[in-house]
Amino acid sequence: MNKHLRKGLLYVGVAGAAGLAGLYFVRPQIGHPPITGDIAAPAEVESVLRRACYDCHSNETHLAWFDHIGPAPWIVSRDVRAGRAAMNFSHWDRLNDAQRSGKLFEALNQMQFGAMPPPSYASLHPEAKISDQDLAALRNYLVALTPALAANTAGAASTSSASSTQVTAATLESSSPKAPTDAKRDVAPSPNGIGYQPDYKNWETISVSDRVDLGQTRVILGNDVAVKAIADKRTNPWPDGTAFAKVAWSQVTDAEGNVHTGDFKTVGFMIKDARQYASTSGWGFARWHGEELKPFGQDASFAGTECLNCHKPMEKYDFVFTAPFNLAKKQP
Ligand code: HEC
Ligand code: HEC
């Protein structure tokens with residue numbers, strides 16, 4: 001090794017050690033700004049949120065002793081800042097009713113998919129583990145927050161527990177959901193230039209979900225590229241050409257408490273092309289609403305500000321909620 005190079009390496013070593021020492025001794029400050037209006041939810045819901053979410057999504061951050069060790073404070077303070085910015089239960093008074101139920105719906109989904117609390121946090125904080133009961137409590141609270149839906153389903157005991165609100169593929173098939181009659185007419189493209197994809201009705205059903213607070217049933221379909229990627233276990237990242245459709249119908253509960261699909265509401269698409277859609281993390285987003293199939297969005301920016309933003313917590317799974325969840329369940 002020549003002398004010059006050795007001297008260079010020595011500098012790198014010294015700088016590195018100094019940097020590590022800095023990480024140990026200078027701690028960033030996580031403040032506790034005032035609480036303007038805390039979420040007021042049933043006790044069982046509040047206890048879940050406090051236990052598993054408040055460290056990052058409220059102004060009441062408790063730092064356990066291990067969070068003070070080593071370089072962790074940097075990671076923690078970054079999480080707390082970003083978490084509070086995304087959703088803050090201490091400033092719940094700043095949201096209107098629709099925003100509150102929107103956030104809680106997202107929260108329920110993130111919890112169901114195991115994205116929140118972040119696994120790195122959960123592994124250090126065993127008390128933050130989410131049980132089926134926790135999910136049921138939040139789900140029931142969401143239903144109660146939506147007066148129309150709560151009244152609609154009050155007689156149907158079937159909506160009072162977590163498992164029974166799940167709409168099975170069989171219920172869906174038996175009620176033969178109506179698809180919009182779009183075959184013979186021109187549908188306006190999405191403001192970001194993506195054209196309507198009438199072919200989705202021939203794609204394969206990957207999953208069924210229900211959005212309890214809006215009273216909707218949703219089906220997620222994948223094209224042949226998606227289906228092949230699932231079979232080949234090549235879903236992270238999904239290959240170019242993958243396309244998903246999410247179709248939503250209103251939910252109608254009959255006298256016996258069975259849930260059926262009602263009117264067609266929306267169809268949304270995610271189309272993978274890493275180069276073409278680089279500005280929205282490789283996915284082209286588009287959505288059409290109602291029987292008239294009105295494209296969603298004032299201008300092209302909706303894909304980033306609305307769609308991608310809400311899919312962001314699934315970044316580790318290439319921004320897709322559905323399939324990784326099913327695949328993860330199938331893994332030993
Ligand atoms: C260790 C910190 C941490 C914990 C604990 C945590 N989160 Fe998060 N959460 C974050 C961060 C950071 C973000 C922002 C992610 C981003 O913007 O990329 C976030 C984002 C979210 C979002 C998206 C909000 C939006 O509108 O953009 C939801 C919903 C959410 N978290 C729910 C929860 C729930 C529910 C819990 C408890 C079960 C929880 N989180 C626990 C750090 C945390
Ligand atoms: C409020 C958060 C939120 C917003 C905003 C959002 N999505 Fe999603 N999206 C979800 C969730 C959660 C799922 C998982 C399925 C479900 O529960 O409905 C999903 C699933 C999907 C899927 C099926 C693939 C997957 O990731 O599972 C498509 C396609 C989709 N969304 C398209 C869109 C489009 C297009 C937009 C914007 C016009 C959009 N989404 C905006 C939360 C959101």
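## Polar contacts, and what we're looking at

A polar contact here is a pair of N or O atoms within 3.5 Å. Keep that cut-off in mind, because it is the test that a side chain has to pass to count as touching a ligand in this way. One example is H57, which has a polar side-chain atom 2.7 Å from a nitrogen atom of ligand 1.

One thing to know before we go on: this is a predicted model. Let's walk through the two ligands, and then visit a few spots elsewhere in the chain.

## The iron of ligand 1

What does the protein offer to the iron atom of ligand 1? Its protein donors are the NE2 atom of H57 and the SD atom of M116, and they lie 2.0 to 2.3 Å from the iron. The iron has 6 donor atoms, with angles of 84 to 178 degrees among them, and the site is octahedral.

H57 and M116 link distant parts of the chain, sitting 59 residues apart. H57 belongs to helix α3 (residues 54–57), while M116 is in the loop between α5 (97–112) and α6 (119–124). Are these two donors buried or exposed? H57 has a relative accessible area of 11%, so it counts as buried. M116 comes out at 30% relative accessibility, so it is called partly exposed.

## Around ligand 1

Zoom out a little and you'll find 19 residues surrounding ligand 1, the closest being C53, C56, H57, K103 and M116. Sorted by class, this shell holds 13 nonpolar, 3 polar and 3 charged residues.

Which helix gives the largest share of the shell? That's α5, with 5 residues. At least two residues each come from α3, α4 (72–86) and α5. Two more polar contacts are worth finding on screen. K103 places a polar side-chain atom 2.5 Å from an oxygen atom of ligand 1, and E106 has one 3.4 Å from an oxygen atom of that ligand.

## The iron of ligand 2

Now for the other ligand. How many donors does the protein give to the iron atom of ligand 2? A single one: the NE2 atom of H311, 2.2 Å away. You can track H311 down in helix α11, which spans residues 302–311.

## Around ligand 2

Ligand 2 has 22 residues around it, and C307, C310, H311, F321 and T322 are the closest. The shell splits into 12 nonpolar, 5 polar and 5 charged residues. Helix α11 supplies the largest share, 5 residues. Elements giving at least two residues each include α5 as well as the strands β2 (216–222), β3 (243–253), β4 (259–272) and β5 (283–289).

Where are the polar contacts? Oxygen atoms of ligand 2 take part in several. K246 has a polar side-chain atom 2.9 Å from an oxygen atom of the ligand, and the side chain of N109 has an N or O atom 3.4 Å from one. F321 does things through its backbone: a backbone N or O atom lies 2.8 Å from an oxygen atom of ligand 2.

## A look at the strands

β2 and β3 both add residues to the shell of ligand 2, and they also pair with each other, antiparallel, over 7 bridges. If you want a spot to check, Q216 stands opposite S250 in β3. Why call β3 largely enclosed by the rest of the structure? Because 9 of its 11 residues are buried.

β5 is mostly covered too, with 5 of its 7 residues buried. Its antiparallel partner is β6 (residues 294–295), joined to β5 by 2 bridges, and here W288 stands opposite P295. Together β5 and β6 make a hairpin with 4 residues in between, and G290 in the turn has a positive phi of about 70 degrees.

## Two residues to finish with

N88 sits in the loop between α4 and α5. Its relative accessibility is 11%, so N88 counts as buried. The N88 side chain reaches the backbone nitrogen of S90 at 2.8 Å.

V143 is part of helix α7 (residues 132–145). With a relative accessible area of 10%, V143 is buried. V143 and S101 are 42 residues apart along the chain, and their C-alpha atoms are separated by 9.4 Å.

Conventions: Residues are numbered from 1 along each chain as its sequence is written. Chains are lettered from A and ligands numbered from 1 in the order in which they are written. This is a predicted model: local features need pLDDT of at least 70, side-chain atom pairs count only at pLDDT 80 or more; totals for chains, interfaces and linings use all residues. Side-chain values use heavy atoms; hydrogens and water are left out. Donors are N, O and S atoms within 2.8 Å of the metal (3.2 Å for Na, K and Ca); water is not among the atoms, so sites may look incomplete. Four donors count as tetrahedral if all angles lie between 85 and 135 degrees; four count as square planar and six as octahedral if opposite donors are over 155 degrees apart and all others between 65 and 115; anything else is irregular. Buried means under 20% relative accessible area, exposed over 50%, partly exposed in between (1.4 Å probe, protein chains only). A residue is near a molecule or strand if one of its heavy atoms lies within 4 Å of it. A polar contact is a pair of N or O atoms within 3.5 Å; within protein, one must be able to donate a hydrogen and the other to accept it, and residues adjacent in sequence count only if both atoms are side-chain atoms. Ala, Val, Leu, Ile, Met, Phe, Trp, Tyr, Cys and Pro count as nonpolar, Asp, Glu, Lys and Arg as charged, and the others, Gly among them, as polar. Two strands pair if DSSP finds at least two bridges between them.
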